[in-house]
Amino acid sequence: MGDKFGQVKVIVVQGRRLVIRDFKSSDPYVILKLGNQTAKTKVINSCLNPVWNEEFHFSISEHAQVLKLQVFDKDHFKADDKMGNAHLSLQPLVASARLRKILGVTAEGTTLRKVIPESDNCLAADSSINWVNGEVVQDVWLRLCDVDSGDIELKIKLIDLPSAAPSK
């Protein structure tokens, strides 16, 4: 994964309009992957619009990676059913944090960058990267791929970013 560069805090906030995988509902959970690091939310029983509000920390390298997530329906007597997947490049978040340090931005609520839905992300709508309470924060809604419907809301915060140093 390269040299440790900092940490990213990912909050899995909620899901909406998830697909039905059981008789009338689903028991969804989310698996997050960043490089070789993995985290899993709790299972929310019988819910297509679950609220998790779970927080996970991942180390990131200087070459920002792609955050991947998969949503599954928990089954007790067979393999869990896939409910979709999504991905998001962390490069815009890291670049915004570097820019903030270089420019010395300190004004609360400053928008550092706007990210639009593209092929390198699964954004359901435009997403802003902001300077909030001393942190670089991105709120995103990710559209799930390979299913008829479903979105996942994440809040991503970049923490422990080293000071910008001149290139050698």
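This passage describes the strands, the helix, the cysteines and the ring contacts of a predicted model.

We may begin with the open sheet, in which 4 strands follow the order β3-β2-β5-β6 and pair in the antiparallel sense. The edge positions belong to β3 (37-40) and β6 (81-89); each has a single partner strand, so one side of each is left without a neighbour in the sheet. On average, and ignoring direction, neighbouring strands of this sheet are turned by 15 degrees against each other. Within the sheet, strand β2 (residues 28-34) runs antiparallel to strand β5 (residues 66-73), and 7 bridges join the two.

One bridge between these strands deserves a further look, since it recurs in the ring contacts: Tyr29 has Phe72 in β5 as its bridge partner. The side chains of these residues also meet. The count of aromatic pairs comes to 1, and that pair is Tyr29 with Phe72, stacked at 5.7 Å centre to centre with 25 degrees between the planes. Because Tyr29 lies in strand β2 and Phe72 in strand β5, the pair ties together parts that are 43 residues apart in sequence. Both Tyr29 and Phe72 are buried. The ring of Tyr29 has a charged companion as well, for the charged end of Lys40 sits over this ring, 4.5 Å from its centre. A further contact of this kind involves Arg16, whose charged end sits over the ring of Trp141 at 3.8 Å from the ring centre.

Another pair of strands is found further along the chain. Strand β9 (residues 135-143) pairs with β10 in the antiparallel sense, over 8 bridges. Here Arg143 stands opposite Asp151 in β10. Strand β10 (residues 151-159) is mostly covered, with 8 of its 9 residues buried.

Turning to the helix, α1 (residues 91-103) comprises 13 residues and reaches 18 Å from its first C-alpha to its last, close to the 18 Å expected at 1.5 Å a residue. Its buried residues are Pro92, Leu93, Val94, Ser96, Ala97 and Arg100. As useful background, an α-helix has 3.6 residues a turn, so residues three or four places apart point the same way. Just after α1, Gly104 takes a positive phi of about 70 degrees.

Positive phi values also appear at residues that are not glycines. Arg17, which is not a glycine, has a positive phi of about 55 degrees and is placed in the loop between β1 (4-16) and β2. With 42% relative accessibility, Arg17 counts as partly exposed. Asn53, likewise not a glycine, shows a positive phi of about 50 degrees, but this residue is found in strand β4 (residues 51-61). At 51% relative accessibility, Asn53 counts as exposed, because the cut-off for that class is over 50%.

Finally, the cysteines can be considered. The structure holds 0 disulfides. For Cys122, the closest cysteine sulfur is that of Cys145, and the distance of 3.5 Å is too far for a bond, since a disulfide requires sulfur atoms within 2.5 Å. Cys145 accordingly is in no disulfide, its nearest cysteine sulfur being that of Cys122. As for their surroundings, Cys122 is buried, with a relative accessible area of 7%, whereas Cys145 is partly exposed, with a relative accessible area of 28%.

How values were computed. Residues are numbered from 1 along each chain as its sequence is written. This is a predicted model: local features need pLDDT of at least 70, side-chain atom pairs count only at pLDDT 80 or more; totals for chains, interfaces and linings use all residues. Side-chain values use heavy atoms; hydrogens and water are left out. Two strands pair if DSSP finds at least two bridges between them. Axes are lines fitted to C-alpha atoms, for helices over the stretch in contact, and angles run from 0 to 180 degrees between N-to-C directions. The expected span of a helix is 1.5 Å times one less than its number of residues. Buried means under 20% relative accessible area, exposed over 50%, partly exposed in between (1.4 Å probe, protein chains only). Rings of Phe, Tyr and Trp (its six-membered ring) pair if their centres lie within 6.5 Å; planes under 30 degrees apart count as stacked, over 60 as edge-to-face and the rest as tilted. A charge sits over a ring if NZ of Lys or CZ of Arg is within 6 Å of the ring centre and within 35 degrees of the ring normal.
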